[in-house]
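Grab a coffee and work through these short exercises with the model open beside you. Each task comes with a solution in steps.

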4 protein chains.
Amino acid sequence: MLIVMKADATDAQVAHVCDVVTELGFKAHAMPGATRTAIGLTGNQGAVDPTRFENLPGVAEAIRVSKPYKLITLDLRPEKTVVRVGDATIGGDELAIIAGPCAIESRAQAFAVAEAVRRSGARFFRGGAYKPRTSPYAFQGLGEEGLKILAEVRETYGLKIVTEALDEAGVDLVEKYGDMIQIGARNMQNFTLLRRAGRSRMPVLLKRGLSATLDEWLLAAEYIMSEGNYNVVLCERGVRTFAQHTRNTLDLASIPAVRRISHLPVVVDPSHGTGKNYMVIPLACAGVAVGADGLIIEVHDQPEKALSDGAQALTLEQYDQLIAEVRPIHDVVAPQPVG
Amino acid sequence: MLIVMKADATDAQVAHVCDVVTELGFKAHAMPGATRTAIGLTGNQGAVDPTRFENLPGVAEAIRVSKPYKLITLDLRPEKTVVRVGDATIGGDELAIIAGPCAIESRAQAFAVAEAVRRSGARFFRGGAYKPRTSPYAFQGLGEEGLKILAEVRETYGLKIVTEALDEAGVDLVEKYGDMIQIGARNMQNFTLLRRAGRSRMPVLLKRGLSATLDEWLLAAEYIMSEGNYNVVLCERGVRTFAQHTRNTLDLASIPAVRRISHLPVVVDPSHGTGKNYMVIPLACAGVAVGADGLIIEVHDQPEKALSDGAQALTLEQYDQLIAEVRPIHDVVAPQPVG
Amino acid sequence: MLIVMKADATDAQVAHVCDVVTELGFKAHAMPGATRTAIGLTGNQGAVDPTRFENLPGVAEAIRVSKPYKLITLDLRPEKTVVRVGDATIGGDELAIIAGPCAIESRAQAFAVAEAVRRSGARFFRGGAYKPRTSPYAFQGLGEEGLKILAEVRETYGLKIVTEALDEAGVDLVEKYGDMIQIGARNMQNFTLLRRAGRSRMPVLLKRGLSATLDEWLLAAEYIMSEGNYNVVLCERGVRTFAQHTRNTLDLASIPAVRRISHLPVVVDPSHGTGKNYMVIPLACAGVAVGADGLIIEVHDQPEKALSDGAQALTLEQYDQLIAEVRPIHDVVAPQPVG
Amino acid sequence: MLIVMKADATDAQVAHVCDVVTELGFKAHAMPGATRTAIGLTGNQGAVDPTRFENLPGVAEAIRVSKPYKLITLDLRPEKTVVRVGDATIGGDELAIIAGPCAIESRAQAFAVAEAVRRSGARFFRGGAYKPRTSPYAFQGLGEEGLKILAEVRETYGLKIVTEALDEAGVDLVEKYGDMIQIGARNMQNFTLLRRAGRSRMPVLLKRGLSATLDEWLLAAEYIMSEGNYNVVLCERGVRTFAQHTRNTLDLASIPAVRRISHLPVVVDPSHGTGKNYMVIPLACAGVAVGADGLIIEVHDQPEKALSDGAQALTLEQYDQLIAEVRPIHDVVAPQPVG
């Protein structure tokens, strides 16, 4: 914490701030400058709330320095985490591909897509049984029926099932039928849900919120880990900005930013990250080139008939093309340094 | 829905799009233009997903026209809703004041603040028992203990209790101890929670999400109403933008924007909307002047010792000053037209 | 400047950073903390570029503390500046009203609007002769012809003329025909233009850029003042965000934020700040309530035939209504404290 | 243009809107729907301003359909433009590398960097002689002296010189000493400057503005082209968002978005696009993978002593590493389809 005094702060005001710091059990370091005094605060274990100081007389600004997270950091664990999902991994040398339809619509649809996903060599199948929809009147997913279809897909194709839980009851069901719990962007700060996922023994795919800062995203992972579940994979899926040529703005700089602070793997979702079919392949290539540990891709056997997000779903042919384009890039990309 | 064809789209492509529209049970209106053809789609009851058309050959763009909400609209109910909370109201002629600390920290703190709130003539007391905190290591609220203190405040001062529910179990508890369920910004698209609140018989205060569009916010209200609870009050509390001089950017234009579409009352939260103590009074004045139905204000008897959000809490003296400043503005503001 | 070292930074790295600070002529204050060391830097006259330190070994972050502006600050001039434009003022007790059409389209249009503006008691007439248009094919203004009409308006009605200069040659012309140089949002960081305006003896109305931070806006004013022209009025006109229900998001919190740092007057533009006719009056009321020194309003005698920005222009009747609504609010608003 | 009527619009109001459309010389197509009527407008040559209709009685919304640009479009020129700068090109098969320091600080610095740039096989040297700085007190560049050094670099190393012009006089000077006029982000809508560049016979590198939409950026190029200069290269350099882990948010989706509409080449600036040294290489790789025609990179022989933007400049060693990493990616990337 650094407390910056106003230019016209009196000595008494500086002394008072130092006293408040000391009373709270911290150490105050006054640094008189040419135009104003700054007061450093040390001795704190975690982050100190700057708001305790901002309204004291003579204070111009209080600047937080310590970061509030611990478990996600490279300080705690200097080497990258490899999340194991059965015999498949995310965060290791291999590029993890998680592919499938936005929503499970029928057994036939799921199997048609799963067939293509399996054939491509991918290890993970995605598909929503419970869909968070902006409108209460939109298709909300098949529910447990969809989860049963996903379980059949696993049985038949040996793919690991990644599917979203919207609430605590949803986590119970994903634990029963799936292999990895997805927490969606809208729920990134649903702390009840994060804690429930943290008490699960199943790995968690944590999507970045629509307007989440890097710290908020990492702290959402910290929530899960603080309950004991260390198998968390982060997912960059675009953020909301003024730009209108995409549904979201895919922030690929978040991948090196995460790498510098955290040991957790991070994957990229170019489907939601753009919302446009024709952009998915180039942004998937970019995601691999920037050093992501994997991709999550929406594929549909008949995108024009999809019950949700049809505009961004790839056809089976486009999906094959994507795999053909990203693999050679992954082969030539130098692994990004951790930390 | 309007489907805009590419400049070089062939007649066959135009015809194909019209066929797809017809197959889906709608009516297609082809409008040849100087440079390109557009195809209007009518006959739909609700909104049609544009994504079904965007990837058809020759299509440049599909533009949604119909809005997906119904129950929140002035089309459905042309006069403004007045939400009753016991013998108090929001949305009527009186300016509704909801005031209290960010979090209930102790009986003494709650009573000290409630005393001042009551004295000011306000009818509503706010205070969090369950706090959604970005960090798992931050103070999370007193829980049910806090709700019991709130119930005592109601008993003693006759104030209506507005308090946040973070999940379905939280709604059960607010129903037991409080008078109005607050749904926070981070949970604006927690659809499980919205549905549970919709099955409650208690009024709901629905905060706008950090990056929620107007439509998303209104659709969140629609979720609650679609379950049968029509007593919804919207709350503008600022959105996330690039600006760093405030914690959030208070978007006061959302008040006339809501008025034009919806019959629901809307209040302004200048405390979270700015995050800065010194801005709360001027922005509260602005909120009243723009035509809001009320204000929700953070007040603390000792802001510098607050366990959360101390930087934005008003002292008791500042709160009295706020009330003294907003009342004459409310008296001179012409009621904004509905619709 | 505060330089935060990494948790695992060595003593040698800390010492090296201190050496670099000392070499640059500043003083280093090392503050060892529980988990990491921070180094305060003092002795700098202006702001120091943090980038010099961020890539030194062992450095986690360098945080700027000093602000780079001087002339705009209350430190330099503790009382508010009152800008005089002939016998009219902005920043004094009176609410300054600057009203007129977006663009001067004809003598008849200008006079019809000016008549109404004069009748309302406003002292300033606005109108563009050179329009910055997004498209090269849109109406670009009448040019010098428009300025001549404006000069006639001044002659006839005694209104002070506020009009935009797009470049250095434009400043020459405004100096010839007008009373106050407007610098538009798109040119807020056109430093050549700012410097030219700074060498003028005419007051300047400086609009906030579409994505300008508070500091960037104030530094643009500093550019003008650093050339010797101290008569600068700031204008909040909305910023670009994800929100789509308005053309821009009017950031009224910028008014108290400016007040806390600067002695310069600040006015609000609810016309560009919303882009919607029906929102102009409520947001004008909010702007006055938040403590702005004035309003700048687009008015047109026939908005539906306007050559630019017709959607946001008020009719003459609506303009009269606006004046009738904002005056009583201004009468009851307590002056916001400076600083 | 599509004009959507309110649900309760009367037949007379629909008829009135159709009359207004017809009076303006266009054709109106009324499409009665289940809940409301929409009116299509055709017969317009360019874009029609929706604002003319939005305030007519009974109108809910007017939606623009036609795009206002022409010269930049694939409709006009279906194959990609290859911009020639002497014997070098941008937009052809080769990856264009534009590298050099942020600002020219001295002959020694320029030559040290140019030596490395030449050795890497790059064809373009960048370096600012006139720097647009947020603060009037920051280093503003060496001016014409810097341009003379750049001319020497060209002489010595055969590199093409890309350098920024801040105003019309600056274009004169770049024409004298350089090979390609750079227009910076802050000047993207400095229309006087765009027009002057459009009258030049030198190619133009047009950076995207900090908050420019795709359409605004393309229209800025249209301004240049409408004056006769068709040699325009677009440059994505990040936009301003809420995210704070980078200086700007690099929006790589803009590359396929440009490709779909325009024949102009587009390059990526990962230096300004991130503002962080450690992110430049991964984002450069991503930029190449997404299909950009080139990269513009800041390199400095002693970044820690740079007079501007030191935090993002690569060392000579890092620059060599970047080249080594991006070339194999360029080799395996499939050319993105145009249109």
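A disulfide here is a pair of cysteine sulfur atoms within 2.5 Å. Before we start: this is a predicted model, where local features need pLDDT of at least 70, side-chain atom pairs count only at pLDDT 80 or more, and totals for chains, interfaces and linings use all residues. Residues are numbered from 1 along each chain as its sequence is written, chains are lettered from A and ligands numbered from 1 in the order in which they are written, and side-chain values use heavy atoms, with hydrogens and water left out.

**Exercise 1. How many disulfides are there over all chains, and why is C102(A) not in one?**

Step 1. Searching the whole structure turns up zero disulfides over all chains.

Step 2. Now check C102(A): its closest cysteine sulfur belongs to C235(A) and sits 13 Å away, so the two are too far apart for a bond.

Step 3. Try chain C as well. C102(C) is in no disulfide either, with the nearest cysteine sulfur, that of C235(C), 13 Å away.

Step 4. Look at accessibility, where buried means under 20% relative accessible area, exposed over 50%, and partly exposed in between (1.4 Å probe, protein chains only). C102(A) is buried at 5%, and C102(C) is buried at 6%.

**Exercise 2. Where in chain C are E175(C) and R196(C), and is each one buried or partly exposed?**

Step 1. Start with the rule: a salt bridge is a side-chain nitrogen of Lys or Arg within 4 Å of a carboxyl oxygen of Asp or Glu. That gives 68 salt bridges over all chains.

Step 2. One is between E175(C) and R196(C), at 2.7 Å from N to O. E175(C) lies in helix α5 (residues 168-177) and R196(C) in helix α6 (residues 191-198), 21 residues apart. Helices are DSSP runs (H or I, at least four residues), as are strands (E, at least two), numbered from the N terminus.

Step 3. E175(C) is partly exposed at 29%, whereas R196(C) is buried at 11%.

**Exercise 3. Which residue forms a salt bridge with R259(D)?**

Step 1. The partner is D293(D), with the closest N and O atoms 2.9 Å apart.

Step 2. Place the pair: R259(D) is in helix α8 of chain D, while D293(D) is in the loop between α10 (277-289) and β14 (294-298), 34 residues apart.

Step 3. Both R259(D) and D293(D) are buried.

Step 4. Hop over to chain A, where a network of salt bridges links K80(A), R259(A) and D293(A).
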